[in-house]
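Subject: Structure handover

Hello,

Here is the structure you asked about. My notes on it follow below.

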Amino acid sequence: VARMPEDPESAADIYDIVDLMEKYGVSDKELVFSEYGYTSSVNYISDEMQANYIVRGAALYQDVTDRIYWYNLQEKTTGSMSDAELHFGMIIGWQDVDIPYEPKPSFLAFSNYNRLMTGSSKIKQIEHSNENVQLHLFNNDKGSNTIIAYSKEGEVRTAINVGTDKVTVSDLYGNETIVKTRDGVLDLFLTVEPVYIIGSNLINTTEAESKFEIVQKEVNATE
């Protein structure tokens with residue numbers, strides 16, 4: 001089973017390399033992820049989760065690495081779905097398929113990440129009392145900020161104070177919606193699929209109390 005990007009062992013492996021580079025005086029050299037990827041073969045993860053992981057990994061480690069090379073672009077073959085090595089690709093192969101070179105969800109997610117995040121730099125991970133909630137704050141080259149938000153596992157309802165009256169929210173694949181806040185507070189329903197929250201001056205974003213109240217009323221049905 002594939003380890004999620006946030007797995008402590010994965011993070012430890014990466015930061016051990018960073019520590020070694022600092023120890024031996026080569027921290028000025030580039031740190032490159034030369035083969036970063038997840039297979040979507042049977043018994044591993046789905047095509048949709050592969051798309052989630054590619055963005056989640058980039059959000060986590062953009063401030064650590066200089067470049068990330070996804071392994072790989074095209075699936076090697078249309079062979080057995082149980083062969084893990086064959087299904088790392090972001091597009092399918094060309095043999096015995098209805099649509100040769102058809103993009104998988106990961107290709108679309110990767111394209112949208114590059115569209116939104118090229119030229120960005122990570123500021124920090126925003127603290128949250130729920131360890132499943134991931135909020136990664138970036139500067140972008142358009143003079144605004146972007147928060148990549150998701151839940152590591154399951155679904156989480158939460159709220160954050162973004163300090164502005166509205167933000168643009170993009171889903172994993174680039175569908176955008178303008179969302180108004182209540183007194184600067186944005187209510188979120190997070191899943192394992194990342195969303196992008198884009199707005200001006202989100203630098204002081206913090207966890208907040210929801211501005212919405214769920215009210216249960218008893219209704220008497222009449223004929």
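Which residues form one aromatic cluster? In this predicted model, the members are Phe-33, Tyr-36, Tyr-38, Tyr-53, Tyr-61 and Trp-70.

Aromatic pairs

Searching the whole structure gives 7 aromatic pairs. One of them joins Tyr-36 and Tyr-38: the ring centres are 5.8 Å apart and the planes stand at 90°, so this pair is edge-to-face. Both residues of the pair were also checked for accessibility. Tyr-36 has a relative accessibility of 14% and therefore counts as buried. Tyr-38, at 9%, counts as buried too. Another pair is made by Trp-94 and Tyr-101, with ring centres 6.5 Å apart; because the planes are at 25°, that pair is stacked. Trp-94 is partly exposed at 42% relative accessibility, and Tyr-101 is partly exposed with a relative accessible area of 44%.

Strands E1 and E2

E1 (32-36) and E2 (67-70) pair in the parallel sense, over 3 bridges. Within this pairing, Tyr-36 stands opposite Trp-70 in E2; Tyr-36 and Trp-70 also belong to the aromatic cluster. Together with H2 (47-61), the strands E1 and E2 make a β-α-β unit, and the unit is right-handed.

Pockets

The largest pocket holds about 340 Å³ of space. Its lining consists of 17 residues, and those nearest the centre are Ala-58, Gln-62, Ile-68, Tyr-113 and Asn-114. Helix H2, strand E2 and helix H3 (105-117) are the elements that each give two or more residues to this lining. H3 gives the most, with 4 residues. Sorted by class, the lining of the largest pocket has 8 nonpolar, 7 polar and 2 charged residues.

For the second largest pocket, the volume is about 260 Å³. Among the residues that line this pocket are Arg-3, Asp-13, Ile-14 and Leu-31, along with Phe-33, Tyr-36, Tyr-38 and Tyr-61. Those last four residues, Phe-33, Tyr-36, Tyr-38 and Tyr-61, are also members of the aromatic cluster. Two or more residues of the lining come from helix H1 (8-23), and likewise from strand E1. H1 provides the largest share, 4 residues. The classes in the lining of the second largest pocket are 9 nonpolar, 1 polar and 2 charged.

Backbone details

Where is there a cis peptide bond? The bond joins Tyr-71 and Asn-72, and its omega is about -5°. Asn-72 is in the loop between E2 and H3.

Positive phi values in residues other than glycine include those of two asparagines:

- Asn-43 has phi near 75°. This residue lies in the loop between E1 and H2, and its relative accessible area of 63% makes Asn-43 exposed.
- Asn-201 has phi near 55°. Its place is the loop between strand E10 (195-199) and strand E11 (206-207), and at 55% relative accessibility Asn-201 counts as exposed.

To go back to Tyr-36: this residue is buried, pairs edge-to-face with Tyr-38, stands opposite Trp-70 and helps to line the second largest pocket.

Regards

Notes: Residues are numbered from 1 along each chain as its sequence is written. This is a predicted model: local features need pLDDT of at least 70, side-chain atom pairs count only at pLDDT 80 or more; totals for chains, interfaces and linings use all residues. Side-chain values use heavy atoms; hydrogens and water are left out. Rings of Phe, Tyr and Trp (its six-membered ring) pair if their centres lie within 6.5 Å; planes under 30 degrees apart count as stacked, over 60 as edge-to-face and the rest as tilted. Buried means under 20% relative accessible area, exposed over 50%, partly exposed in between (1.4 Å probe, protein chains only). On a 1 Å grid over the protein atoms alone, a cavity is a set of points where a 1.4 Å probe fits but cannot get out, and a pocket is an open set with protein on both sides within 12 Å along at least five of seven lines; lining residues have an atom within 4 Å of a point. Grid points are joined across faces, edges and corners, and a volume is the space filled by probe spheres set on the points. Ala, Val, Leu, Ile, Met, Phe, Trp, Tyr, Cys and Pro count as nonpolar, Asp, Glu, Lys and Arg as charged, and the others, Gly among them, as polar. Two strands pair if DSSP finds at least two bridges between them. A crossover is right-handed if, with the strands pointing away from the viewer, the path from the first strand over the helix to the second runs clockwise.
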